[in-house]
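Dear colleague,

I am passing on the structure below, together with some notes on its aromatic rings. Please have it open while you read.

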Amino acid sequence: MIVTCVQRGNYVYVYGEGNRQLCSQFGTLHGYTGSTFAVKRGDYVYVYDERNRLISSQFSK
């Protein structure tokens, strides 16, 4: 379960319960829920699950 996501420089850090880091991704944080997070890179938004697996990508100018 995703508890919080934090933008630090060019990276998004994803944390779970107990403040444990689950993963990180290059890009700009676009939003998150308890099970997914979205990162914007260039003209695309990429949505990942809590295990850092890509779920979808969408063009977003």
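Please bear in mind throughout that this is a predicted model. A good place to begin is Arg8, whose charged end sits over the ring of Tyr13, 5.4 Å from the centre of that ring. A second arginine, Arg41, is placed over the face of Tyr46, with 4.3 Å to the ring centre.

Turning to rings that pair with one another, the structure holds five aromatic pairs. One of them joins Tyr11 and Tyr13, and because the ring centres are 6.5 Å apart while the planes meet at 40°, this pair is classed as tilted. Tyr11 is partly exposed, at a relative accessible area of 39%, and Tyr13, the tyrosine that also lies under the charged end of Arg8, is likewise partly exposed, at 22%. Ring pairs link these two tyrosines with Phe26, so that Tyr11, Tyr13 and Phe26 form a cluster.

Another pair is made by Tyr44 and Phe59, whose ring centres are 5.5 Å apart and whose planes stand at 80°, so this pair is edge-to-face. Tyr44 belongs to strand E6 (residues 44–49) and Phe59 to strand E7 (residues 54–59), which means that the pair ties together parts that are 15 residues apart in sequence. As for accessibility, Tyr44 counts as partly exposed at 37%, and Phe59 is also partly exposed, with a relative accessible area of 48%.

With kind regards

Terms used. Residues numbered from 1 in each chain as written. Predicted model: local features only at pLDDT ≥ 70, side-chain atom pairs only at ≥ 80, totals over all residues. Heavy atoms only, no water. Phe/Tyr/Trp six-rings, centres within 6.5 Å; stacked < 30°, edge-to-face > 60°. Buried < 20%, exposed > 50% of the residue type's maximum accessible area, 1.4 Å probe, protein only. Helix = DSSP H or I, 4+ residues; strand = E, 2+ residues; numbered from the N terminus. Lys NZ or Arg CZ within 6 Å of the ring centre and 35° of its normal.
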